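Me: I'd like to learn how to read a structure like this one, feature by feature. Could you walk me through it?

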Amino acid sequence: MVAVRDLPRWAEVALVPAVAVAAAFLLAGLVVLGIGENPLKASRILVQGSLGSAEGLGFTLFYATNFIFTGLAVAVAYHAGLFNIGGEGQATLAGFGVALVCLHLGSLPAPLLVPLGIGTAALFGAAWAFVPGYLQARRGSHVVITTIMFNWLANVLMVYLLVNVLREPASMNPETRSFVPASHVPFMHDVLRGFGVEAPTSQLNLSLLMALVAAVAVWLLIYRSRLGYAIRVVGQNPRAAVYAGISVERITIVAMVLSGALAGGLAVNELMGYQHRLILEFSAGYGFVGIAVALMGRGHPAGIVLAALLFGVLYQGGAELSFEQPKITRDMIVVMGGIVILMAGALEGLFRRIIAASLKPLPLASA
Amino acid sequence: MDAAGLLALLDSGLRLSIPLLFACLAGLWSEKSGVVDIGLEGKMLAAAFAAGAAAYATASAWVGLAAALAASAAFAVLHGFASISQRGNQIVSGVAINMLALGLTAVLGHAWFGQGGRTPPVDGAGRFGDVVLGHSVLVYVALLAVPLTAWGLAQTRFGLRVRAVGENPAAVDTAGVSVEGLRYAAVLIGGLLCGLGGAYLAIAQSAGFIPNMTAGKGFIALAALIFARWRAWPALGTCYLFGLLDAAAIRLQGTVLPGIGEVPVQAVQALPYLMTVVLLGGLIGRAVPPRAAGVPYVKER
């Protein structure tokens, strides 16, 4: 048996994720069928609800923004051979940073306050990722385990802060008071109105543009910079990296810090762009779905944007679907995320072999 | 605190430690064979749902247990297929299993029972009642699983081979023993143990399934496994300690300790994670996993 068969580039880039998504839809369709609903009708509602109207599209792009950030976060670490599953915790801490800035420096003018909030989000996310990165680089503890622990620590810390420290005394809910308007990332419909374009109200805000800029920046970093090259070498062959004079320790820490900073984008979109206050568990699993997004996008920023769009469609369409067909709840997206991770990640080798075999109708005798 | 209060605390600590113990031993078997399993949480959750649903449908705790074992074993086989047969990334597979279980239990629970994802309450013969000293039979199964695991891994031929395959699979392969077979067996044992843990949660400790009722217990079990440095008896001690912390956190709510002030419950809840990170950081001893853990075995030809 050949361990890894080389696929043509187009198959590598397009076919593997496409097959994974097709399999995910097929299996999800079976689940829908299993609970006694019509999968075709469900798909129609899904697409109609997410892409069929300008309003739906706005919501879809809002969710996609979250997935771009968390997908990029997973991908940057993945290129360095690190599996950062701590996006949830990093985004949570970033949310704390956002709240600190927006609540305590609210008197600053918007052009100062918004960048400061964004920077603090990145900083706090990065700091929460730094510790696992440092522990892996210097103490040899595995980043997977430590980021899992840090997710729970972030969760517990946030409950404590929101219940005991940050909560508005008058409020019964564990949430802060509203951020001042100067700290809001402007809504897309408001911006468009400024240009004389009427767009329906949605949660979509300018964080989307930030996410797209981040995607380009990550592409430049990974594929066009010295640092990115070092990251990829460490990811593919740490021993070779050492001989090439690259410090594996340094790259491990740098990749984790960048990854955490990107995860912080989730807090910007959700809190500064939409909620305008700090709430509990705003990360809502976006960090984990980011793993699916990164795997489906093959770690490439363009692929990640497309995969994020798909999950945005699923998220928004899923919300519509749960209105129309109450038996199909939004948890279906979690199922699909799981299937995609399984297909595009863990079972990737199987699909590659199947695709390779079907691309070569007459396999060589030696294969 | 008086003697009765202390006894009650120790008792509820035991109750709360049982799911941790099942999952921890499951992780122990799997990782000793070289297969990293971060899907403990998902398997336990799937098992809890299967137990709740089947016990409600048949009003039999034993059918519930069988369903739990089957559901968890199915996910274990999936993990085995991805990470042993297909040599996929074991972490990725574990993440997928956690998400699949979380999503599927919610979707199916909602569709079948329509009570916000809960199963209807199970009682009477549908639950494992208390048999001895106010504990159900599953508590004793868990406690029995500790010496069995310790003995099985240390003293039996199978256990020796499982440990060997987690340290140096090539040597086992050279000796003519199937690496894949051993790893599947160990992963399956882990699946069954998670199944017991899930059944305990849904139809012994509680009276039915609640969405996401594992609430991170699978991950605390993972922490306990590291803390116990992949050994069965220390696993018992660590799980009991973590269970006790959990019980204490519930009791400490709102009490004021002299000299310290009010202890936030969250500080106690954070301890298992914090202790594990500190241990992993090498600040108190070292935790070294089995050498081949996480590495798929490629047979050389």
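Me: Let's start with a helix. Which elements do the buried residues of α5(B) pack against?

Reply: A residue counts as buried if 20 or more other C-beta atoms lie within 10 Å of its own. In this predicted model, the buried residues of α5(B) pack against α1 (3-32), β2 (135-136), α6 (157-167), α8 (179-205) and α10 (232-252) of chain B.

Me: And which residues of α5(B) are buried?

Reply: They are B:L138, B:V139, B:A142, B:A145, B:T149 and B:L153.

Me: How far does helix α5 of chain B reach from its first C-alpha to its last?

Reply: The usual check sets the span against 1.5 Å a residue. Helix α5 of chain B covers residues 137-155, 19 in number, and reaches 26 Å, close to the expected 27 Å.

Me: Zooming out, how many helices and strands does chain B have?

Reply: Chain B has 11 helices and 4 strands. Its radius of gyration is 19 Å, close to the 19 Å from the globule rule for 301 residues, so chain B is as compact as a globular protein of that length. Along the principal axes, the C-alpha atoms of chain B fill a box of roughly 65 × 50 × 35 Å.

Me: What share of the residues in chain B is buried?

Reply: Buried residues make up 55% of the 301. Sequence separation adds another view: of the contacts in chain B with a separation of 6 or more, 78% are between residues 24 or more positions apart.

Me: Now the interface. How many residues does each chain give to the contact?

Reply: The size of an interface is often given as the accessible area lost when the parts come together. Here we count residues instead: 38 come from chain A and 39 from chain B. On the chain A side, α5 (110-139), α6 (143-165), α12 (286-296), α14 (331-346) and α15 (348-359) each supply at least two residues. By class, that side of chain A has 26 nonpolar, 8 polar and 4 charged residues.

Me: Where are the domains in chain A?

Reply: Domain 1 takes in 1-37 + 327-361, and domain 2 covers 41-323. Their C-alpha centres lie 25 Å apart. The contact between them draws 18 residues from domain 1 of chain A and 17 residues from domain 2 of chain A.

Me: Which element gives the most to the domain 1 side of that contact?

Reply: That is α14(A), with 9 residues; α1 (9-34) of chain A also gives two or more. By class, this side of domain 1 has 13 nonpolar, 3 polar and 2 charged residues.

Note on methods: Residues are numbered from 1 along each chain as its sequence is written. Chains are lettered from A and ligands numbered from 1 in the order in which they are written. This is a predicted model: local features need pLDDT of at least 70, side-chain atom pairs count only at pLDDT 80 or more; totals for chains, interfaces and linings use all residues. Two residues are in contact if their C-beta atoms, placed from the backbone, lie within 7 Å. Ala, Val, Leu, Ile, Met, Phe, Trp, Tyr, Cys and Pro count as nonpolar, Asp, Glu, Lys and Arg as charged, and the others, Gly among them, as polar. Domain bounds come from an automatic or database domain assignment. The expected span of a helix is 1.5 Å times one less than its number of residues. A residue is buried if 20 or more other C-beta atoms lie within 10 Å of its own, exposed if 12 or fewer, and partly exposed in between; C-beta atoms are placed from the backbone. The radius of gyration is taken over C-alpha atoms; the globule rule is 2.2 Å times the number of residues to the power 0.38.
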